[in-house]
Amino acid sequence: MIGYIIRRLLTAVIVVIGVAAITFAMLHYVAPSPVYIVLGTKATHRAIEVWNRQHGYDRPEIIQFLSYLNNLIHLNFGYAYKFSQSVSALFKENAGRSAYLSGTALVLSLIIALPLGVVQAVKRNSPGDYAATAVNFTLYSMPSFFLGLILIQVFALDLGWFPPGVSDTVTSTFSAITHVRQLFLPIITLALLNVAAFSRYMRSAALDELAQDYIRLARAKGLSERRVLVRHLLRNASLSTITLIGLSVPSLLAGNLLIEILFNYPGLGLLFYNALTNLDYNVMIAYTLLGAILTVLGNLLADITIAAADPRVRLG
Amino acid sequence: MASPALKVHDLTTEIQLSRATVHAVGNVDLEIAEGETLGLVGESGSGKSILGLSILGLLPNGGHVTGGSIKLYDRELVGMKPRELREIRGNDIAMIFQDSLSSLNPTKSIGEQVAEPVRLHRGASRKEAFDRALEVLELVGLPRPRERMADYPHQLSGGLRQRVMIAIALSCEPKVLLADEPTTALDVTIQAQILKVLDDLEQRLGMATLLVTHDMGVVAGRSKRINVMYAGRIVETAPSEELFTAMRHPYTQALLGSIPRLESDASKPLLSIPGLPPDLTHPPTGCRFAARCRFATDQCRAQEPPLTGSGDHQFACWNPVEGPAIITVVRPTASSAPAGTVVASVINEPAPAVSAPSSNGSAPLLELVDVVREYPVTAGALLKRKVNSVKAVSNVSLYVNPGESFGLVGESGCGKTSLGKLIVGIEKPDGGHVKVNGEELFRKRGGELRRARRVVQMMFQDPYGSLDPRMRVRSILREPMQIQGIGSTKDQDKRVRELLGEVGLPVNALERYPHEFSGGQRQRIALARALVLEPKIMVADEPVSALDVSIRSQVLNLMKRLQAEHGMASIVISHDLAVVKYLSDRIGVMYLGRLVELGTGDDIYRRAAHPYTDALIKTIPVPDPAIEKAKTEVGIRGELPSPIDPPSGCRFRTRCPLAQEICAEVEPPMRRFSPSHQAACHFPLQTPEPETAAANGATSAAATGVS
Amino acid sequence: MAEPQDISAVGFGEDLGQGVALIPAPSGGLHQLVPDAGDVYATSSGWRLAWREYASNKLALIALALLILVVLFCFVGPIFYHSNQTLSNPLDQTQPPSAAHLLGTDENGFDELGRLMLGGQSALEIGAYASLVAIVIGTLYGAIAGLVGGVLDAVLMRFVDVLLSIPFLIVVLVLATKYSGTVLDISLVLGIFSWLVPSRLVRGEVLTLRTRDFVIAAQTMGANRRRVIFRHLIPNAMSVTIVNITFLIADSILALALLGFIGFGLQFPNTSWGDMLGNAQTYVTNGEWWLVYPVGGLLVIVVLCFNIIGDALRDAVDVRLRRR
């Protein structure tokens with residue numbers, strides 16, 4: 001088990017380095033140097049050259065990459081020229097708020113989706129199942145911002161229960177937590193989107209498990225349907241959903257992006273959006289890397305959880 | 001006789017599908033007394049499993065009992081409240097299923113799973129339930145149960161898992177045990193152990209047992225009465241002796257006549273039942289067997305026969321038969337030939353004399369010399385290190401003469417399939433030689449290799465996987481000729497039609513896709529494909545084991561006939577000794593990668609020299625109650641050792657009753673018992689021939705042959 | 001009722017066919033010991049069966065019909081419904097629906113219904129191109145990895161792992177800062193990062209197919225690699241590919257909408273549904289519903305249709321292959 005974790009960790013490190021290389025190459029191609037943000041687009045050719053030399057942007061790409069990697073190891077993500085701050089400081093400030101939004105939405109969606117998927121599987125082809133499937137499918141096919149817009153229209157503008165966006169009073173992570181009413185719509189939007197994906201998957205995982213012979217044997221033992229579900233089905237069906245949850249960690253970040261833009265919520269997504277429109281090099285690369293690292297971590301956690309929970313994996 | 005523990009009367013079960021209703025079980029009556037075993041025999045789709053599930057109310061989705069009654073003593077189960085029924089399930093009536101791997105929850109320890117019904121039905125504490133679980137696991141003969149309680153199902157072998165499943169069923173001492181194909185997924189030696197466990201427990205606990213199976217041999221020895229089901233109906237019910245010797249229903253007669261038997265003369269063809277079972281979404285009016293019955297009359301097709309006959313022996317037939325079919329084959333042209341001449345021998349080429357490689361000095365057609373095949377076991381995620389190897393085939397030597405049929409028999413994991421792949425050249429040996437006509441064909445390359453492939457063709461076990469689902473039958477049969485560049489399109493087409501006729505398929509099959517055929521029909525197509533290139537050798541790996549009993553004999557007879565007609569040598573690989581004996585002149589017995597015995601069908605069956613062969617024969621269930629009931633031994637003890645780390649010396653020694661020290665130290669050489677008969681054992685059951693020249697195995701036997 | 005039980009063969013030999021043993025049935029006819037194989041039941045080809053299975057799914061049929069309507073609406077609609085989409089008209093700014101403009105106008109005075117058609121064209125085109133790029137790259141890449149195997153397979157698939165770790169939307173956004181504006185640019189950007197999942201699926205399919213008996217059978221007949229690949233592996237792996245195309249189109253259309261919403265859309269006079277929703281927040285607040293819900297609704301319907309069709313196709317193909 002420990003050997004397995006070490007092996008997986010090593011692979012994860014290799015993947016992260018690979019991702020860093022690809023991200024770096026790609027960004028370098030899109031925006032070779034942050035010089036235009038600093039000096040403006042009208043800067044003279046000469047001034048640009050001087051600035052690039054001063055900040056090391058004239059060196060060969062491979063050297064630039066290695067020095068970037070070196071900084072990365074020291075948790076130095078470079079300087080955000082547009083924001084006139086170090087990227088680390090910017091991220092530190094915004095990460096908490098994003099994590100709060102994503103985390104709440106994830107937990108909420110799991111609480112709804114997992115039981116929903118199982119119930120749908122058990123009562124498959126009932127009117128309730130059809131209705132839930134229809135809603136899921138529609139949500140699944142909906143751009144996140146459009147769902148947000150609909151919710152704003154209904155709950156903020158028509159009913160007036162919640163504010164349509166997050167006000168400027170939300171500055172710290174703590175204030176985000178205390179302004180429940182303001183965060184209600186963003187969290188619900190994000191959660192609903194995840195419910196659609198999770199419950200659809202959970203339903204099919206539970207259906208697969210329900211068709212297994214051990215469910216029949218459990219019934220033949222005289223267990224009540226409830227016990228069959230709780231004692232036998234739930235755990236085994238959840239096992240295959242763990243991978244999906246692991247995979248969805250980074251998509252929460254991307255989902256966050258649009259929701260944060262829509263609701264004007266000051267998190268990492270909004271930061272990235274602003275960096276994007278200004279081509280703020282170091283923020284873009286750091287955000288992309290963060291997404292990749294979260295993916296790798298999500299995968300890793302999922303694999304380890306499965307290894308711990310499934311004796312077939314644990315004991316080989 | 002005691003009052004019946006379980007009484008089913010006029011039961012009808014239907015399964016509602018999205019677009020049709022399957023009339024799975026209709027008007028079924030049966031009774032089982034305490035301490036009695038009732039056999040329920042039928043092919044797949046006959047409704048026998050649905051009947052079992054109806055009793056427990058565990059029907060698949062859409063299934064429901066539409067009429068009749070099921071009584072446990074005097075409690076009616078049909079229409080009972082789910083709650084009450086749950087109290088009976090696992091407590092008064094328990095069930096054992098076929099597939100122990102998927103029937104046990106993969107993420108719960110076996111101790112928990114056995115204890116679960118005890119806690120549920122007896123309200124036992126955790127501790128009490130675990131004690132009880134330990135007790136039952138001991139009862140079913142799980143070795144070292146205390147340590148195994150914490151194991152998970154995937155850590156146990158199939159046989160041990162089946163014992164666990166029995167333990168679950170017995171944990172609450174049920175009054176009725178429903179065993180649905182309890183041993184079908186197991187090897188014969190393990191099957192014998194499990195059946196023994198069931199027999200013992202049933203007697204000790206006085207349960208009423210319903211034994212559901214497709215295998216006439218399994219029910220023959222252990223049930224007092226047998227019910228035969230066909231297409232959702234019980235067609236015959238009789239005390240088992242009577243059913244086997246004086247059956248009245250043509251289906252029972254045909255079914256028993258179609259099973260290849262160890263003790264019978266392999267030269268007699270098997271009785272075949274033509275066609276396929278009816279589609280139960282639209283069952284035919286009249287007798288459901290009429291379309292396949294030799295005795296069917298207009299009445300049979302119009303009117304469904306009721307169960308009639310004396311109280312003990314009942315059957316549903318308008319034109320009943322009396323006793324088993326006797327097949328005598330007479331050759332009309334050569335009247336001097338004795339009755340019972342082989343079908344095969346009628347065909348132009350006489351079957352070759354069974355002996356060492358052809359006596360006229362020429363080399364055998366196929367020769368394997370010390371063939372070794374090992375599959376690496378790797379570890380590591382990125383860099384695959386070889387840590388060990390599975391010894392699939394270890395130093396096997398044998399030969400096959402032109403036109404001869406050779407059978408290879410052994411349990412799963414004995415390496416017979418790997419050996420088959422080596423012979424057709426899909427895999428290459430890690431050591432030794434595979435020679436065809438004295439040449440190592442598969443060491444060739446390019447065009448030479450392609451031409452060489454014509455000589456050896458193959459038939460596969462899975463009729464669903466061996467035909468490309470996207471090709472029409474015409475293309476499937478033409479492909480070998482296209483690859484080999486034989487004939488014009490017109491010639492190829494002609495040949496395809498010929499072959500289709502030979503395997504008994506209509507011409508309209510040409511434009512069809514494989515999914516439109518039944519399993520038996522697909523196996524015929526596969527056989528035709530193997531014949532297209534007129535190979536010298538055909539390898540058939542478990543050609544009938546995926547087929548239903550009534551379909552098997554069709555394919556077996558066809559294979560036997562066509563092999564002789566085409567003058568091919570054949571190598572039939574099977575776990576079923578009876579099938580191998582029916583098809584083969586000579587038989588090789590494999591155990592854990594080694595060839596342990598080699599001989600004619602009679603050498604193997606009547607004069608087995610190796611204790612493994614002997615035990616194997618004794619454990620094979622024979623569809624004859626007299627033989628089965630006389631059996632007392634369990635056969636082979638214990639489990640198959642791991643092929644990664646096989647026992648030293650003789651690989652069978654860990655399970656052999658005769659094993660001594662030398663068996664662990666010295667690997668036994670092949671010894672000769674007669675010109676055709678060899679076995680590798682230190683303590684053979686027959687007296688070997690005095691000469692020791694044969695000690696080097698088959699090859700030297702070939703060299704010193706009996707010319 | 002007793003019938004003769006001794007069934008002795010009377011005919012046996014050349015004149016009665018190829019060594020077929022015959023036994024007389026009591027009814028008088030002859031009965032073959034090697035009987036015919038029974039009837040061959042079904043009569044339809046593989047694809048027809050798949051279509052029948054698909055057609056039995058009412059929802060999938062509705063989705064298909066709806067999709068055809070949308071395609072007609074976008075590409076044929078402009079022929080019947082003329083509207084000015086090139087010159088902005090300040091006098092007609094942001095008008096609610098009227099007889100002249102069935103769905104009103106936007107803030108540049110463009111007719112919203114006409115714009116809907118224009119945006120639909122680019123959505124469907126980009127969906128088709130991007131999925132085509134992805135499926136071609138993905139199929140080739142996956143097939144090569146699966147067929148060659150060994151070290152190359154390991155390296156190729158690790159590369160896919162690495163690329164898959166970078167969230168799709170983020171990569172696309174970063175690239176869109178430089179490459180967006182034309183249909184081709186966006187199609188390429190989307191396509192070049194969508195082939196990863198199909199390549200994995202195709203590789204998996206090829207790996208399973210390689211061990212299937214019918215492929216081994218072809219080898220024993222002497223088929224060379226090329227024949228095995230083109231006659232057996234690729235045709236059988238196609239179903240995975242085809243099913244995947246529909247999901248890829250759905251995803252591409254969604255991604256395009258997000259790009260447009262964020263502001264990396266098509267250049268004027270071209271437009272996409274996402275572009276039209278770029279200021280949706282303001283429209284919603286101002287109560288200009290006709291600028292939000294028709295576009296958004298159509299977008300959801302199209303994506304939904306592709307997803308439903310994909311699901312139904314997968315089931316249909318599964319049935320065709322699994323049917324026994």
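This report covers the confidence of a predicted model, one contact between its chains, and one strand of chain B.

The model as a whole scores ipTM 0.85 and pTM 0.81. For chain C the mean pLDDT is 77, with 83% of the residues at 70 or more. Among the elements of chain C, helix α9 (residues 213–220) has the highest mean pLDDT, 90, and strand β1 (residues 6–8) has the lowest, 34. Residues 1–35 of chain C stay under 50 in pLDDT, and the model gives them 86 contacts beyond four places in sequence. The pLDDT is also below 50 over residues 320–324 of chain C, a stretch with eight contacts beyond near neighbours in sequence.

Chains A and C touch each other through 38 residues of chain A and 29 residues of chain C. On the side of chain A, the elements that give two or more residues include α1 (2–30), α11 (225–263) and α13 (281–309). This side of chain A has 29 nonpolar residues, nine polar ones and no charged ones.

In chain B, strand β21 (residues 594–600) is mostly covered, and seven of its seven residues are buried. The table lists the pairings of β21(B).

| Partner of β21(B) | Sense | Bridges | Residues standing opposite |
|---|---|---|---|
| β20(B), residues 586–591 | antiparallel | six bridges | Arg586(B) and Thr600(B) |
| β23(B), residues 677–680 | antiparallel | two bridges | Leu598(B) and Gln678(B) |

β20(B) and β21(B) form a hairpin with two residues between the strands, where Leu592(B) takes a positive phi near 50°.

Notes. Residues numbered from 1 in each chain as written. Chains lettered and ligands numbered in written order. Predicted model: local features only at pLDDT ≥ 70, side-chain atom pairs only at ≥ 80, totals over all residues. Contact = placed C-beta atoms within 7 Å. Helix = DSSP H or I, 4+ residues; strand = E, 2+ residues; numbered from the N terminus. Nonpolar A, V, L, I, M, F, W, Y, C, P; charged D, E, K, R; others polar. pLDDT = per-residue confidence, 0-100. Buried ≥ 20, exposed ≤ 12 C-beta atoms within 10 Å, placed from the backbone. Pairing = 2+ DSSP bridges.
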